[in-house]
Amino acid sequence: MPKWMRRVAVVIAAVLLFHFAATVRFSGVSSKPDRHPTLSKQDQSKDASIGRNQRGKALGNGRRFASNCIRFFTFATASTPEFCTLLLTAQVAGIDVRVLAYGANFTGVNMKIEYMERVASNLDPDCVIVFADGYDTFHTLTNEQEVLSRYRKVVKNTAKKLLFNAEQMDIGCMSLADIYHDNELSAAFYDSCFEGYPPPPAGKKRHALNTGCFIGTASLVSRFFRKVNQFLSNFTKSHPTLTPEHEKKMRKYGDQMAIQDLYRVEQVREEFALDLDWNKHFFGIVGAQGTTDYPSRDVERGRWKSKSGKGEPAIMHSPGTTYATFWRYFSSWKVWYITNGMKEKRGDLSSFNSSILINEDRRVPYKTLCP
């Protein structure tokens, strides 16, 4: 090769090397191998989120939001009038609810835990998840961005970021030990049931954790429900001789029992940033306590204001089989909707027909699910 050609080749190589170095420096790309080549994609995503968390909007307590992501989920294997009411009110509020397990064979509440763990692990770690049971909840007139803004404000100056519904009823207190009680439990049992619960905030009565509604980041939800799933699995393995009646109770209340058992452990509460929605910013329970905390006819701006918590819940929850209470409150909401001109502003309730995301893989028109 002539000398002049060698000189040109050297110059070209130098230019290319300089360009590559500048690209690496200013784009943040590293030429080093993966930091954790043996980790799963999920674990590497968690590790990468540490960097993202330092660049988003302030979340408080040293952490940050990476995005404006918020997702609403429910769990329902089949359509019922109550389920359709949840979907209808979500549409009216402008909320896109994702339905998990629809069409599946219900084998127990452990399904909800498994679905939520899997779904949450596939979202951005800082995406906010809002969950409500499928057969005893409905939305007030509170939209997605209002819920997200409220969540940021509530958790800004606290370490508690995974919040469950707060039920002001002793009967809501449970433990996995309860499956061996065949009769009604005594008041003395409920007193002992609350042992390990953190004391309520000043001026608040004791509340039981209710798993029917919760809100928190995808990272916390996926990690916590993985813990719950393992906890239930270990319990089942160590108690292989459950009677059919006890197994039935486990299928119906297993998640409530296991999560309350974990909530009693201070280390678990700290590790997963657990707390209750004490001020009813997100969830309101109606039923025996709801008649005083949320008088059914006291609907304003499409929502109720809690008398005990001063919050305006985005989701109303009528746990158990109190369907008469559920329908009384929804009827009050519907009357407010019609008499306050919402029919003209947002449309007649019979006109809503958004597509509903089913099992994260297909959309189905609302009126196909709820003809």
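Colleague: Which cysteine does a disulfide join to Cys-69?
Modeller: In this predicted model, the S to S distance of the disulfide formed by Cys-69 is 1.9 Å, which lies within the cut-off of 2.5 Å used to recognise such a pair. The partner of Cys-69 in this disulfide is Cys-127.

Colleague: How many residues apart are Cys-69 and Cys-127, and in which loops do they lie?
Modeller: Cys-69 sits in the loop between strand E2 (63–65) and strand E3 (70–75), while Cys-127 belongs to the loop between H4 and E5. The link of Cys-69 and Cys-127 is left-handed, with -60° about the S-S bond. The pair links distant parts of the chain, the two cysteines being 58 residues apart.

Colleague: How many disulfides does a search of the whole structure find?
Modeller: A disulfide is a covalent bond between the sulfur atoms of two cysteines. The link of Cys-69 to Cys-127 is a disulfide, and a search of the whole structure finds a total of three.

Colleague: In what order do the eight strands of the open sheet stand?
Modeller: The pairing in this open sheet is mixed, and its neighbouring strands are turned by 30° against each other on average, with direction ignored. Taken from one edge to the other, the order is E9-E7-E8-E5-E3-E4-E12-E13.

Colleague: Why is one side of E9 and of E13 left without a neighbour in the sheet?
Modeller: Strands of a sheet pair through backbone hydrogen bonds, either parallel or antiparallel. Strand E9 (274–276) and strand E13 (362–365) lack a neighbour on one side because they stand at the edges, each with a single partner strand.

Colleague: Which residue of E9 is the bridge partner of Leu-162?
Modeller: Strand E7, residues 162–167, pairs with E9 in the parallel sense, and three bridges make up this pairing. Within E9, the bridge partner of Leu-162 is Leu-274.

Colleague: Which residue of E13 stands opposite Ile-356?
Modeller: Strand E12 (residues 355–358) runs parallel to strand E4 (residues 97–100), to which two bridges join it, and in that pairing Leu-357 of E12 stands opposite Arg-98. With E13, by contrast, E12 pairs in the antiparallel sense over four bridges, and the two form a hairpin with three residues between them, where Asn-359 in the turn has a positive phi of about 55°. The residue of E13 opposite Ile-356 is Val-364.

Colleague: At about what angle to E8 does helix H8 run?
Modeller: Helix H7 (residues 218–238) lies across strand E5 (128–133), E7, strand E8 (208–217) and E9, and runs at about 135° to E8. Helix H8 (residues 244–263) lies across E7, E8 and E9, and its angle to E8 is about 75°.

Colleague: How far apart are the axes of H4 and H7?
Modeller: Two packed helices are described by the angle between their axes and the distance between the axes. Helix H4 (residues 110–121) packs against H7 at an angle of about 145°, and the crossing is left-handed. The residues that meet include Ile-113, Met-116 and Ala-120 in H4 and Val-221, Phe-225 and Leu-232 in H7, and those of the whole contact divide into eight nonpolar, three polar and three charged. The distance between the axes of H4 and H7 is 8 Å.

Colleague: Which residue of E11 is the bridge partner of Phe-138?
Modeller: Three strands form an open sheet of mixed pairing in the order E6-E11-E10, with strand E6 (137–139) and strand E10 (283–285) as its edge strands. E6 and E11 run antiparallel and are joined by three bridges. In E11, the bridge partner of Phe-138 is Met-316.

Colleague: Which side chain does a polar contact of 2.7 Å join to that of Glu-312?
Modeller: Glu-312 lies in the loop between helix H10 (290–293) and strand E11 (315–317). Leaving aside neighbours within four places in sequence, the residues in contact with Glu-312 include Arg-150, Lys-280, His-281 and Trp-304. The polar contact of 2.7 Å joins the side chain of Glu-312 to that of Arg-301.

How values were computed. Residues are numbered from 1 along each chain as its sequence is written. This is a predicted model: local features need pLDDT of at least 70, side-chain atom pairs count only at pLDDT 80 or more; totals for chains, interfaces and linings use all residues. Side-chain values use heavy atoms; hydrogens and water are left out. Two strands pair if DSSP finds at least two bridges between them. Axes are lines fitted to C-alpha atoms, for helices over the stretch in contact, and angles run from 0 to 180 degrees between N-to-C directions. Contact means heavy atoms within 4.5 Å. A crossing is left-handed if the near helix is turned anticlockwise from the far one by less than a right angle, and right-handed if clockwise. Ala, Val, Leu, Ile, Met, Phe, Trp, Tyr, Cys and Pro count as nonpolar, Asp, Glu, Lys and Arg as charged, and the others, Gly among them, as polar. A polar contact is a pair of N or O atoms within 3.5 Å; within protein, one must be able to donate a hydrogen and the other to accept it, and residues adjacent in sequence count only if both atoms are side-chain atoms.
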